[in-house]
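Work through the exercises below with the sequence and the model open. Try each task before reading its solution.

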Number of protein chains: 2
Amino acid sequence: MSQGQPLQRGALTVQGILEEATALADDGGLAALSMRALGRRLGVEGMAVYHHFANKEALLDALVDRVFNEMALPEGEDWRVGLRARSVSERLVLRRHPWAIGLVESRTAPGPITLAHQDHVIGYLRARGFAGRGSAQVLAFLDAYVYGFVLQELALPTDPTPVVDVVREHEGPSPYPHLDALITEVVEAGYDFADEFDVGLDLLLDAMGALRG
Amino acid sequence: MSQGQPLQRGALTVQGILEEATALADDGGLAALSMRALGRRLGVEGMAVYHHFANKEALLDALVDRVFNEMALPEGEDWRVGLRARSVSERLVLRRHPWAIGLVESRTAPGPITLAHQDHVIGYLRARGFAGRGSAQVLAFLDAYVYGFVLQELALPTDPTPVVDVVREHEGPSPYPHLDALITEVVEAGYDFADEFDVGLDLLLDAMGALRG
DNA sequence: TATCGTGCTTTACGCTGTAAGAGTCTCGTC
DNA sequence: GACGAGACTCTTACAGCGTAAAGCACGATA
């Protein structure tokens, strides 16, 4: 699967293609994942991939599905502990593959790995006192929080100084007085947005108790 | 701004371009928004747009920023009521422009409208007992929930029957027993995922009280 | 009237996904 | 061993993409 050297005939496998496609997207974003670039990386012409996937959409479907394989399943008796671990893992996986969350929006047919993952979580919750609808709600609300938080993290500039400059770049009264104050009080006091994930997660987990039984 | 008829020289404005670009993306998704298609809709060659926006990225930046104009700002004394109204509006706007949430991921420099919106919300929260960090947390957690929920809504198939078929399409024991049970108990009893938004939102708003003062 | 800048068009380049067809290699069967 | 059938890959081609560069036409200014 390494770059450049041509493969033996038949050495192109679905697994291998998915691995290289993931690596390609991880490195250069979704835009870098073209069929030709993927072929190049596999030591093959781009069109060769079409013998293993009907079209690019099918490849992307499989890619998204595969991401769920990396997410930890909830474990242990205490559902708060189990769900927290799963959510933490989910966030890390989505940060590792930033292209995945952008793809979710456009694909409406969950793959087998995704279904198996969700099936497991639902079963886990049902065994711990969450009734039918309650289990679905807990899964949906936690996922919503994780997806949304990661989305904000990805949109966060790696270097905040230009934004800070924009907020403060003015003469006379600031156009964004409250953001200005927030920067002074919080951001400049060593605030790390990533730390807030656990805070919000614990608040949400506490709230989920109301959906039990 | 209507389709087809050529414009007078100079009739192409930033506002007009943004309006048509939004309509184009609303209708056919982000993929339908090409510079040539946009020009066609404006009665102009695609390249003409480049006299008003440096490149497509700049256009997309402005599009995302403009979306924030449609979101209601929080109002009233009761912060729970004010925030709930804002979140409900935010969700509706994101559903109206499904392409917007996919764009957020890739743009790290918030525009002036976005900044003004956030500034207002932070000010609103500060005036109602949320200290520096607390106000930032409330905004982040609520947005995370709304973004993530809408993301799931957009990924939801408009017609769930094919997914139901996949879950149940088996001989012998179901590969997804808990999802199968969930469908029986909940989905087939007239479950509407959209209704869950308010449930989760109220739980989260209750939890936000802990960040006050 | 001559000049200039603005706003739009034209042309061109390298990229994209993928349809169609032409090889070529590997098998199972006789 | 010969042969037919598939499976697999490559080649070619097409329409569309973002956008650099240059050209053209008009209104305002000198």
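Both A:Arg91 and A:Glu153 are buried (under 20% relative accessible area; exposed is over 50%, partly exposed in between; 1.4 Å probe, protein chains only). The model is predicted: local features need pLDDT of at least 70, side-chain atom pairs count only at pLDDT 80 or more, and totals for chains, interfaces and linings use all residues. Residues are numbered from 1 along each chain as its sequence is written, chains are lettered from A and ligands numbered from 1 in the order in which they are written, and side-chain values use heavy atoms, with hydrogens and water left out.

**Exercise 1. Find how A:Arg91 and A:Glu153 are joined, and say where each lies.**

Step 1. Look at the side chains. A:Arg91 forms a salt bridge with A:Glu153 (a side-chain nitrogen of Lys or Arg within 4 Å of a carboxyl oxygen of Asp or Glu). The closest N and O atoms are 2.8 Å apart.

Step 2. Place the partners. A:Arg91 is in helix α4 (residues 79-96) of chain A and A:Glu153 in helix α7 of chain A, 62 residues apart. Helices here are DSSP runs (H or I, at least four residues), numbered from the N terminus.

Step 3. Set the pair in context. Over all chains, the structure holds 32 salt bridges.

**Exercise 2. Analyse the salt bridge of B:Asp61 and B:Arg107.**

Step 1. Take the distance. The two side chains meet at 2.9 Å, N to O.

Step 2. Locate both ends. B:Asp61 lies in helix α3 of chain B and B:Arg107 in the loop between α5 and α6 of chain B, so the bridge ties together parts 46 residues apart in sequence.

Step 3. Check accessibility. B:Asp61 is partly exposed at 33%. B:Arg107 is buried at 11%.

**Exercise 3. Describe the surroundings of A:Thr22.**

Step 1. Place the residue. A:Thr22 lies in helix α1 (residues 14-28) of chain A. Its relative accessibility is 8%, so A:Thr22 counts as buried.

Step 2. Follow the side chain. It reaches the backbone oxygen of A:Leu18 at 2.8 Å.

Step 3. List the contacts (heavy atoms within 4.5 Å). Leaving aside neighbours within four places in sequence, A:Thr22 touches A:Leu63, A:Arg66, A:His97 and A:Trp99.

**Exercise 4. Test the length of helix α4 of chain B, then find what covers its buried residues.**

Step 1. Compute the expected span (1.5 Å times one less than the number of residues). For the 18 residues of α4(B), residues 79-96, the result is 26 Å. The end C-alpha atoms are 26 Å apart, which agrees.

Step 2. Pick out buried residues. They include B:Trp79, B:Leu83, B:Arg86, B:Glu90 and B:Leu94.

Step 3. Find the cover. It includes α3 (56-67), α5 (98-104), α6 (112-126), α7 (132-155) and α10 (196-208) of chain B.

Step 4. Inspect the start of α4(B). A side-chain oxygen of B:Asp78 reaches to within 2.9 Å of the backbone nitrogen of B:Arg80.

**Exercise 5. Characterise the interface of chain A and chain B.**

Step 1. Count residues. In chain A, 59 residues are in contact with 59 residues of chain B.

Step 2. Take the buried area (accessible area, 1.4 Å probe, that two parts lose on being put together, summed over both). The two chains bury about 4,600 Å², 70% of it on carbon and sulfur atoms.

Step 3. Find the top contributors. A:Glu105, A:Asp119 and A:Leu151 supply 13% of the area that chain A buries against chain B, more than any other three residues.

Step 4. Count the salt bridges. There are four between chain A and chain B. A:Arg133 and B:Glu196 form a salt bridge at 2.8 Å, N to O.

Key:
Helix = DSSP H or I, 4+ residues; strand = E, 2+ residues; numbered from the N terminus. Polar contact = N/O pair within 3.5 Å; in protein donor to acceptor, adjacent residues only side chain to side chain.
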